[in-house]
Every structure is written in C-alpha cells, then in structure tokens.
Amino acid sequence: MSSKDINLTPIEENDIELIRNWRNSKEVSSYMYSEDEITSNQQKKWFDKAQKDETSKYWIIWYDNKPLGLASLTQINKTLNSCYWAFYLGDTSVRGAGIGGKVEYRVLEYVFEELKLHKLRCEVFTFNDKVIKMHEKFGFRREAYYREHCYKNGSYQDVVGLAMTENEWNILKDGMYAKVYRRN
C-alpha cells in the first residue's frame with residue numbers, strides 16, 4: 001500500500017533480520033514495552049505466528065526505495081470494529097523529516113477507508129512527548145491513562161491511550177493530507 005512517496009509492504013521472511021536489528025536497537029527498544037534482546041529464533045517464531053494471525057498486519061515502511069521501519073495493526077476486531085496501531089523508524093537518520101506523519105496518514109487512510117473500522121487506538125509512554133503530540137496533531141484524542149503500566153528504566157512507567165474514530169477521520173482527513181504533504 002502506498003501514499004505518495006511512502007510505501008508500506010507486507011513483511012516477508014527475508015525482512016525478519018532487518019526488523020530484529022531495528023527492534024533490538026536502543027533507539028527503538030527504549031520506546032517499546034520490552035527492551036529484552038530478541039534472538040534470531042525468537043524473531044522467526046514471531047514471524048511465523050504473525051503470518052498466521054488474521055487479527056494483525058505488519059508492513060515495512062519504505063521511503064525513496066529504502067526500508068526505514070515497521071508499521072503494524074494489531075487486535076483487529078470486527079466485533080468491536082477497532083484495532084491498535086504502532087510504528088517505529090529503525091533508520092533514525094530520517095526522524096524529524098515528516099516520515100512519521102506520512103506513515104500515520106497512510107495507516108489512518110487504510111484503517112478507515114479500506115478496512116472500514118470505526119476506531120483506531122494506540123498506546124504511548126508519557127515520556128514520549130513527541131509521538132503523543134504527533135498523534136494529537138492528527139486528531140487522536142486521549143481517552144485513557146494507564147498508571148504504572150509497564151516496568152521500564154528501573155521504575156513503573158505511565159502510558160497514555162489515544163484513539164481516533166471514523167467520524168473524526170472524515171472531518172479531518174482533507175486537512176491532514178494538506179499538512180502532511182505541504183512539504184512536497
């Protein structure tokens with residue numbers, strides 16, 4: 001799936017070592033619930049499970065023909081008509097260049113236009129202000145605060161739950177597109 005210069009391609013087995021290297025890097029793992037080093041065997045098991053899981057989708061983020069990170073949808077639930085999403089840029093050289101916004105727009109477009117879900121949710125550590133602000137810039141609203149949700153960095157960390165509904169998407173999508181692609 002692509003949107004202008006961002007492509008999201010389904011992960012393949014030959015991507016798993018690249019994903020593992022990104023995920024094991026301190027720049028990525030410091031924002032994840034677990035910072036445990038992932039072994040090759042664990043990564044292969046994760047991939048095999050992900051390939052069979054109909055409630056999840058995982059994509060490599062491509063920009064200018066270069067793989068930059070991973071985007072995912074999890075807990076896709078047709079009964080609740082919602083899912084969770086997350087992404088990370090494993091190539092830290094592109095952080096701050098607007099790539100995250102383009103990925104976010106594309107995922108929102110996919111969830112609401114293609115999957116036709118009602119709600120997209122995410123969770124972010126409270127110490128990750130930049131990502132919280134990015135989600136809010138796109139119209140996500142805070143709807144949960146999980147106190148001491150995850151043990152990390154020697155203490156329990158708080159997490160913010162954010163979400164956007166299809167109605168909010170329909171109101172905001174044209175303005176979002178203009179913001180995301182005004183740089184081009």
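Biologist: Is Glu-35 buried, partly exposed or exposed in this model?

Modeller: In this predicted model, a residue counts as buried under 20% relative accessible area and as exposed over 50%. Glu-35 has a relative accessible area of 29%, so the residue is partly exposed.

Biologist: Which residue forms a salt bridge with Glu-35, and where does that partner lie?

Modeller: The closest N and O atoms of the pair are 3.1 Å apart, and the partner, with a relative accessible area of 3%, is buried. Glu-35 sits in the loop between helix 2 (26-29) and helix 3, whereas the partner belongs to strand 7 (residues 141-152), so the salt bridge ties together parts that are 117 residues apart in sequence. The partner of Glu-35 is Lys-152, in strand 7.

Biologist: How many residues apart in sequence are the parts that Lys-44 and Glu-13 tie together?

Modeller: The side chains of Lys-44 and Glu-13 meet in a salt bridge, at 3.0 Å from N to O. Lys-44 lies in helix 3 (residues 40-52) and Glu-13 in the loop between strand 2 (6-10) and helix 1 (16-24), so the parts they tie together are 31 residues apart.

Biologist: What relative accessibility do Lys-44 and Glu-13 have?

Modeller: Both values fall between the cut-offs of 20% and 50%, so neither residue is classed as buried or exposed. Lys-44 counts as partly exposed at 29%, and Glu-13 is partly exposed at 44%.

Biologist: Which residue meets Lys-66 in a salt bridge, and is that partner buried or exposed?

Modeller: The N to O distance in this salt bridge is 2.8 Å, and the pair links distant parts of the chain, with Lys-66 in strand 4 (residues 66-77) and the partner in the loop between strand 5 (82-89) and helix 4 (99-114), 25 residues apart. Lys-66 counts as partly exposed at 41% relative accessibility, while the partner has a relative accessible area of 14%. That partner is Asp-91, which is buried.

Biologist: Which residues are joined into one network by salt bridges that share partners?

Modeller: The structure holds 12 salt bridges, one of which is the pairing of Lys-44 with Glu-13. Through shared partners, salt bridges form one network of Glu-13, Lys-44 and Asp-48.

Biologist: How many residues of helix 4 are buried?

Modeller: Helix 4 has 16 residues and reaches 21 Å from its first C-alpha to its last, close to the 22 Å expected, and just after this helix Lys-116 takes a positive phi of about 60°. Helix 4 is mostly covered, and of its 16 residues the number buried is 13.

Key. Residues are numbered from 1 along each chain as its sequence is written. This is a predicted model: local features need pLDDT of at least 70, side-chain atom pairs count only at pLDDT 80 or more; totals for chains, interfaces and linings use all residues. Side-chain values use heavy atoms; hydrogens and water are left out. A salt bridge is a side-chain nitrogen of Lys or Arg within 4 Å of a carboxyl oxygen of Asp or Glu. Helices (H or I, at least four residues) and strands (E, at least two) are DSSP runs, numbered from the N terminus. Buried means under 20% relative accessible area, exposed over 50%, partly exposed in between (1.4 Å probe, protein chains only). The expected span of a helix is 1.5 Å times one less than its number of residues.
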